[in-house]
Amino acid sequence: MAAEIVNPRSDSETDHVGPAGADEPFDPAFALHRGGKMAVQATVPVRDKDDLSLAYTPGVAKVCSAIAEQPELVHDYTWKSNVVAVVTDGTAVLGLGDIGAEASLPVMEGKAILFKQFGGVDAVPIALATTDADEIVETVVRLAPSFGGVNLEDISAPRCFEIERKLQERLDIPVFHDDQHGTAVVTLAALRNAAKLTGRTLGDLRAVISGAGAAGVAIAKFLLEAGLGDVAVADRKGIVSRDRDDLTPVKRELAELTNKAGLSGSLEAALNGADVFIGVSGGTVPEPAVASMAPNSFVFAMANPNPEVHPDVAHKYAAVVATGRSDYPNQINNVLAFPGIFAGALQVRASRITEGMKIAAADALAGVVGDELSADYVIPSPFDERVAPAVTAAVAAAARAEGVARR
């Protein structure tokens, strides 16, 4: 899959207008997307009949027969071992929500070119015309022979949890819902470095997460797995706690795992004395609630385009501030994680992605910062060329250590 943009219509006059035609002003986003952002690119030449006879019939038959006799050869003689399916149903696309499968394709194409650009991994966007969890699972299971891994993308909660779990049970290739785990990995890496900068460990920290969707649930579980002292998660109705009788099964499980302090009530109340705020929900946190946090607090306000706490406000009170935006320091961006995680998993033909592999990815990502650590630099840039190799190597080593590597 080609990483660069190849647009055969780039000289067309229509590239310089908006979607409605000549009456619309120039919009660079539409200009870039015209014709799509991807193309298939051959890795071998087909210049004459000899090339054709090797790339296709009759030469290809020998390879097919060999794979039929020894199925594991598919990894050596096709692209399977380096290609990921990027699968969505279009129900939770960026900040746009349930916009449908076709409208999700520009995002899925974008995800695919990021796989190639930052991890050297080929990826194919697959937008499904169903939102039924079982139908999605069955479809992906049937597509799986063509791929070395599955990246689930922009599927709404709570269905995303069920879909991922069922696919992990039925497939022997990595299945990874990036909205959950990619966000969690990068958050952990930034939090490790923020704690280090202020002379603390994860175990010293109490966090509050705004948002109990895919990202919020995954971040809470992952941070606890990594050793965080305590975390409370808030949804629209307040803190997810055992005394609530309106919780979904996912949130009931979350209530059992989190909130050791036994907090209840509002997000704002929970922030009083908290060390960390993590926002993955949108909305706005009032400034007095931010001011009530503990000294040397961390504010990770990751909603896009408008962070839950504006950085100018957060900097009045917090020692470290991070957002999901590229125009502020410390961008919590999933592209720091998923290309290297899949590259490492595919490199060793891992059967799945474990918690240990994700923690290794976060540690490697945090380690890239090294001695350059500062309040405005707790997480590296996606364009830091050290990131993907470090994450890839760490994930591959962890897969071998945990016994899920097959080479």
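Q: Are Phe115 and Phe342 buried or exposed?
A: This is a predicted model, in which local features need pLDDT of at least 70 and side-chain atom pairs count only at pLDDT 80 or more, while totals for chains, interfaces and linings use all residues. Residues are numbered from 1 along each chain as its sequence is written, and side-chain values use heavy atoms, with hydrogens and water left out. Buried means under 20% relative accessible area, exposed over 50% and partly exposed in between, with a 1.4 Å probe and protein chains only. By that scale Phe115 and Phe342 are both buried.

Q: How many aromatic pairs are there?
A: Rings of Phe, Tyr and Trp (its six-membered ring) pair if their centres lie within 6.5 Å; planes under 30 degrees apart are stacked, over 60 edge-to-face, the rest tilted. The count of aromatic pairs by this rule is 4.

Q: What geometry does the pair of Phe115 and Phe342 have?
A: The ring centres are 5.4 Å apart. With 75° between the planes, the arrangement of Phe115 and Phe342 is edge-to-face.

Q: Which helices does this pair link?
A: Helices are DSSP runs of H or I with at least four residues, numbered from the N terminus. Phe115 and Phe342 are 227 residues apart, in distant parts of the chain. Their helices are α5 (residues 101-119) and α14 (residues 338-347).

Q: Which residues does His181 contact beyond its neighbours within four places in sequence?
A: His181 belongs to helix α8 (residues 178-197), and its relative accessible area of 13% is why it counts as buried. Contact means heavy atoms within 4.5 Å. By this measure the partners of His181 are Glu164, Phe176, Ala218 and Lys358.

Q: Which helix gives the most to the largest nonpolar core?
A: A nonpolar core is a set of buried Ala, Val, Leu, Ile, Met, Phe, Trp, Tyr and Cys residues joined through side-chain atoms within 4.5 Å. The largest has 107 residues, of which Leu167, Leu171, Leu191, Phe300, Ile341 and Met357 touch the most other members. The top contribution to this core, 10 residues, comes from residues 355-369, helix α15.

Q: How many residues does the other core have?
A: This core lies apart from the largest one. Among its members are Val208, Leu271, Ala274 and Val285, and its size in residues is 19.

Q: Which residues does Leu171 touch, residues up to four places away in sequence not counted?
A: Leu171 is one of the members of the largest core that touch the most others. Outside that sequence window, Leu171 touches Val140, Val141, Ala144 and Val150.

Key: Helix = DSSP H or I, 4+ residues; strand = E, 2+ residues; numbered from the N terminus.
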